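Reader: I would like a close look at a single part of this model. Please take the disulfide and work outward from there.

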Amino acid sequence: QVQLVESGGGLVQPGGFLGLSCAASGNIFSAYAMGWYRQAPGKLRELVAAITSNGRTNYADSVKGRFTISRDNAKTTAYLHMNSLKPEDTAVYYCYVGQLGYAPEYWGQGTQVTVSS
């Protein structure tokens, strides 16, 4: 059974930085992509960043140049380094694992990121 455990959320001031991690356990296909969606109140859930098993990355336009996603060599843990944070980045961030191009198959519990002075 697959489980995803997220960590790293919190409160940060605008311009600050924060790192998220997502550790997967269980039997996960090595070809699965990992990444994060986020959802702010009153907004649709949006893909923030994703990384494939071979290291290909994808970012929302709103975070390009500020966020960096990476993955460990075992391909079971993903990291999201968020820099130059803006209030509009405030949301619940949900780690996911799934096949590229399809709806996520597994979700983390979500972690709150709040960017405010």
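Author: What follows starts at the disulfide and moves out to its contacts, the core and the salt bridges. The model is a predicted one.

How many disulfides are there? A search of the whole structure finds 1. C22 and C95 form it, with their sulfur atoms 1.8 Å apart. The torsion about their S-S bond is about -80°, so the disulfide is left-handed. C22 lies in strand β3 (residues 18–25) and C95 lies in strand β9 (residues 91–98), so the pair ties together parts that are 73 residues apart in sequence. Are the two cysteines buried or exposed? Both C22 and C95 are buried.

Now the surroundings. L4 touches both cysteines: its contacts beyond four places in sequence include C22 and C95. On the C22 side, L4 also meets A23 and A24. On the C95 side, L4 meets Y96 and V97. I28 is another contact of L4. So are Y106, W107, G108 and Q109.

T77 also reaches C22. T77 sits in strand β8 (residues 77–82). T77 has a relative accessible area of 13%, under the 20% cut-off, and therefore counts as buried. Leaving aside neighbours within four places in sequence, T77 is in contact with A23 and M34 as well. S70, R71 and D72 complete that list for T77.

Y106 approaches C95. Y106 belongs to strand β10 (residues 106–107). Its relative accessibility is 29%, so Y106 counts as partly exposed. Beyond four places in sequence, Y106 contacts V2, L4, Y32, C95, Y96 and V97. One of these partners is distant in sequence: V2 and Y106 are 104 residues apart along the chain, yet their C-alpha atoms are separated by 7.3 Å. Y106 and L4 are in contact with each other, and C95 is listed among the contacts of both Y106 and L4.

Next, the nonpolar core. The largest one has 29 residues. L4 is among the residues with the most contacts inside it. The others are W36, V48, F67, L80, M82 and Y93. Which elements give two or more residues to this core? They are β3, β4, β5 (46–51), β7 (67–71), β8, β9 and β11 (111–115). That list includes β3 and β9, the strands that hold C22 and C95. The list also includes β8, where T77 is found.

Last, the salt bridges. The structure holds 4 of them. R38 takes part in a bridge with E46, the closest N and O atoms being 2.7 Å apart. The two ends contrast in burial. R38 counts as buried, at 5% relative accessibility. E46 is partly exposed, with a relative accessible area of 32%.

R38 also meets D89 in a salt bridge, 3.0 Å from N to O. This pair links distant parts of the chain: R38 is in strand β4 (residues 33–39), D89 is in the loop between β8 and β9, and their positions lie 51 residues apart in the numbering. Both R38 and D89 are buried. Salt bridges with shared partners join R38, E46, R66 and D89 into one network.

One more bridge pairs D61 with K64, at 3.1 Å from N to O. D61 has 64% relative accessibility and so counts as exposed.

To recap: the C22–C95 disulfide is buried at both ends, and L4 contacts both of its cysteines.

Conventions:
Residues are numbered from 1 along each chain as its sequence is written. This is a predicted model: local features need pLDDT of at least 70, side-chain atom pairs count only at pLDDT 80 or more; totals for chains, interfaces and linings use all residues. Side-chain values use heavy atoms; hydrogens and water are left out. Helices (H or I, at least four residues) and strands (E, at least two) are DSSP runs, numbered from the N terminus. Buried means under 20% relative accessible area, exposed over 50%, partly exposed in between (1.4 Å probe, protein chains only). Contact means heavy atoms within 4.5 Å. A disulfide is a pair of cysteine sulfur atoms within 2.5 Å. A salt bridge is a side-chain nitrogen of Lys or Arg within 4 Å of a carboxyl oxygen of Asp or Glu. A nonpolar core is a set of buried Ala, Val, Leu, Ile, Met, Phe, Trp, Tyr and Cys residues joined through side-chain atoms within 4.5 Å.
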